[in-house]
There are 2 protein chains.
Amino acid sequence: MDSREEKAVTISTVAKEAGVSMATVSRVVNGNPNVKPATRKKVLEVIDRLDYRPNAVAQGLASKKTTTVGVIIPAVTNVYFSSLARGIDDVASMYKYNIILANSDGNHQKEIQVLNTLLAKQVDGIIFMGHNLTDELRAQFKRAKIPIVLAGSVDQKDEVESVHINYVEAVESAISNLINHGNKRIAFVSGPLSDPINGEYRLKGYKNVLAKNGIEYDPSLVFETDYRYRSGEVLWPALASARATAAFVADDELAAGVLNGARDAGAKIPDEFEVITSNNSKLTEIVRPQLSSITQPLYDIGAVSMRFLTKMMNKEESTQKTIDLPYGFIKRGSSK
Amino acid sequence: MDSREEKAVTISTVAKEAGVSMATVSRVVNGNPNVKPATRKKVLEVIDRLDYRPNAVAQGLASKKTTTVGVIIPAVTNVYFSSLARGIDDVASMYKYNIILANSDGNHQKEIQVLNTLLAKQVDGIIFMGHNLTDELRAQFKRAKIPIVLAGSVDQKDEVESVHINYVEAVESAISNLINHGNKRIAFVSGPLSDPINGEYRLKGYKNVLAKNGIEYDPSLVFETDYRYRSGEVLWPALASARATAAFVADDELAAGVLNGARDAGAKIPDEFEVITSNNSKLTEIVRPQLSSITQPLYDIGAVSMRFLTKMMNKEESTQKTIDLPYGFIKRGSSK
DNA sequence: AGCAAAAATGCAAGCGTTTCAAGAAAAAAG
DNA sequence: CTTTTTTCTTGAAACGCTTGCATTTTTGCT
């Protein structure tokens, strides 16, 4: 009930007021069992009365743990990534971790820079989402000496832990649907092929399934662009002149663009042109016709990544470096 | 070039190695001008050689500034909020602040809890996005003793600083378009009316403009729901039976739902039914027909909020408590 | 009641910076 | 070449907490 509001109340204020040592207060704050119930009660009472809140910065300095993890994300506004982020955040708060969210714009320079400020802030771990894991980044990760996991991304060199689906197989399975309807000229539309997930994995799935069905691979059916809706929207003329009868698209926004571009130009979907996409974000149900899509557990990829990270931060042994989550395919109006 | 990799390099390592005191190292790290150029150079060289990175936690404890701000957001996956977040993040990193992102689910309990952990982490300021600023929250804000600004939200009691548009006028102007086409029965579709932005501001705009045009207010045209796409989609039967010829919708996802629900049921848009929405997020251009919308500078609202916050954290005096950004209206295919 | 073992508590040394009063060095002035 | 000023640099005390170790109190047994 004292009203000298000025001085912030610290652990020592509480200690004095309760007539115990700081160590004891620290113990009750941290739920250490070695405290006599009566003492605990007394301390708790004072904490409550003084409205004491431990200073997390000081705790972090003393204990060398900040209960904070860094999350590097190419773009918060992208549904794919924000869905992952959602899963990450939920699990993080479940385990009492906070998240420092850092936008990288998918820009290599920024990724490096942001990584460094996260390290300076002494985060206990990092979740990285990105299109392309460069050697430099991999090197910096190694120097970091804290656990890092990739969410919804893959490390070609398999050096850093990651959570994702099997992109090669997922694409094979999705495109085989298209082939089964008799499509011979199927376009492959994606962001930069320099991003391994496109140029390496998805493209491989595409080629595999073509080969398996005796269709020759035609490079003129591969359309490399960026991840923007608009880029898909303007693609129709090119698609049409390549005589594509269907398209597999590697990103939902991009796919929505392709779909709308085609429809706006008068193409009948799915009769004259089919399109399927990759991420099954809520966008797929908002467009008309709705987009058939590879399904992948976006929220879970985020959640599992974070769970994985907590285990690593806890130094629990784990046998696997990579977690493959299940994928599927859902047929909607945009394909036959 | 010493290779005793074990011990982390701290300011004192650098000091010894460079033959100066910690204080001096601290000065060069912080760009304090009171350092002889020769000394600065020498220290910088050592810093570089030892690859020293200041520990932000220790800095935070000593300086009582963490260069971190908390951002409370109802849902990262919602385009409206993630657009604001984008603006916030950009300006934050421009001013060297990091962001601790905390999801609140728009849940009051969580908002309070999250606020407390942010305070424990000693953030220098907070940006709050939320649907409803309760008295309890307002009280906690006051206790916090750090600057807080509301982004894209309003404080009915005008006690906490905020950045937004004039929702009443924006709605008036948008709906007057509908009235000009002869619509007499215009539905008002929004999330919970208990959220002031709906029940207070937007609804007031709706009533105002009706009154101004001599149309009687009919409560049966007010549809209160939540912010989900699906909720809009299933609304059509109710809309139809209320004989609404147009709808003003308070959220883009919701509006996309209303639009698709109507179309899927065979309504001709905009001939038989018009719909306009409120946030002009990219969703509005992805649906067909595209959604006419109130325009508001989402990114800017976030950016300006953050800028505002930096000024407050700097204790720069500011005359205004509230910043009104300009709004507009863009006509697209969903209205005549 | 007496004693060893177990349980509680306290002491104080960190954790890695910043910062301020004070001293040392350099520059300017006489 | 002194004496003043001005510019740099240093030492050491915070900042608010955790934690290993020592000490004290309790408990359980004889």
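**Close-up views of two protein chains on DNA**

**View 1. The side chain of B:Tyr52 meets the backbone of DNA strand C.** An N or O atom in the side chain of B:Tyr52 sits 2.9 Å from a phosphate oxygen of this strand, a polar contact (a pair of N or O atoms within 3.5 Å; within protein, one must be able to donate a hydrogen and the other to accept it, and residues adjacent in sequence count only if both atoms are side-chain atoms). Phosphate oxygens of DNA strand C also lie 2.6 Å from a polar backbone atom of B:Ile11 and 3.0 Å from a backbone N or O atom of A:Lys36.

A word before the next views: this is a predicted model, in which local features need pLDDT of at least 70, side-chain atom pairs need pLDDT 80 or more, totals for chains, interfaces and linings use all residues, and side-chain values use heavy atoms, without hydrogens or water. Residues are numbered from 1 along each chain as its sequence is written, while chains are lettered from A and ligands numbered from 1 in the order in which they are written.

**View 2. Here is the protein surface near DNA strand C.** Around this strand are 28 residues, each with a heavy atom within 4 Å of it. Those that come nearest are A:Ser21, A:Arg27, A:Thr39, B:Ile11 and B:Ser26. Of the strand's atoms within 4 Å of the protein, 62% belong to sugar and phosphate. H2 and H4 of chain A, and H2 and H4 of chain B, each give at least two residues to this surface; helices here are DSSP runs (H or I, at least four residues), as are strands (E, at least two), numbered from the N terminus. By class, the surface has 12 nonpolar, 11 polar and 5 charged residues, where Ala, Val, Leu, Ile, Met, Phe, Trp, Tyr, Cys and Pro are nonpolar, Asp, Glu, Lys and Arg charged, and the others, Gly among them, polar.

**View 3. Now we turn to DNA strand D and its 27 surrounding residues.** A:Ile11, A:Ser26, A:Tyr52, B:Arg27 and B:Thr39 are the closest. Sugar and phosphate make up 63% of the atoms of DNA strand D within 4 Å of the protein. One phosphate oxygen of DNA strand D is 2.6 Å from a polar side-chain atom of A:Tyr52, and a phosphate oxygen is 3.1 Å from a polar backbone atom of A:Asn55. A base is reached too: a base oxygen of DNA strand D lies 3.4 Å from a backbone N or O atom of B:Ala62. In both chains A and B, helices H2 (22-29) and H4 (56-63) each supply at least two residues of this surface.

**View 4. A:Arg86 in helix H5 of chain A has partners in both chains.** Helix H5 covers residues 79-94. A:Arg86 counts as buried because its relative accessibility is 17%; buried means under 20%, exposed over 50%, partly exposed in between (1.4 Å probe, protein chains only). Beyond its neighbours within four places in sequence, A:Arg86 is in contact (heavy atoms within 4.5 Å) with A:Tyr299, B:Val76, B:Thr77, B:Asn103 and B:Asp105.

**View 5. B:Lys145 sits in a loop of chain B.** The loop runs between helix H7 (135-144) and strand E4 (148-151). At 68% relative accessibility, B:Lys145 is exposed. B:Asp124 is 21 residues away from B:Lys145 in sequence, and their C-alpha atoms are 9.7 Å apart.
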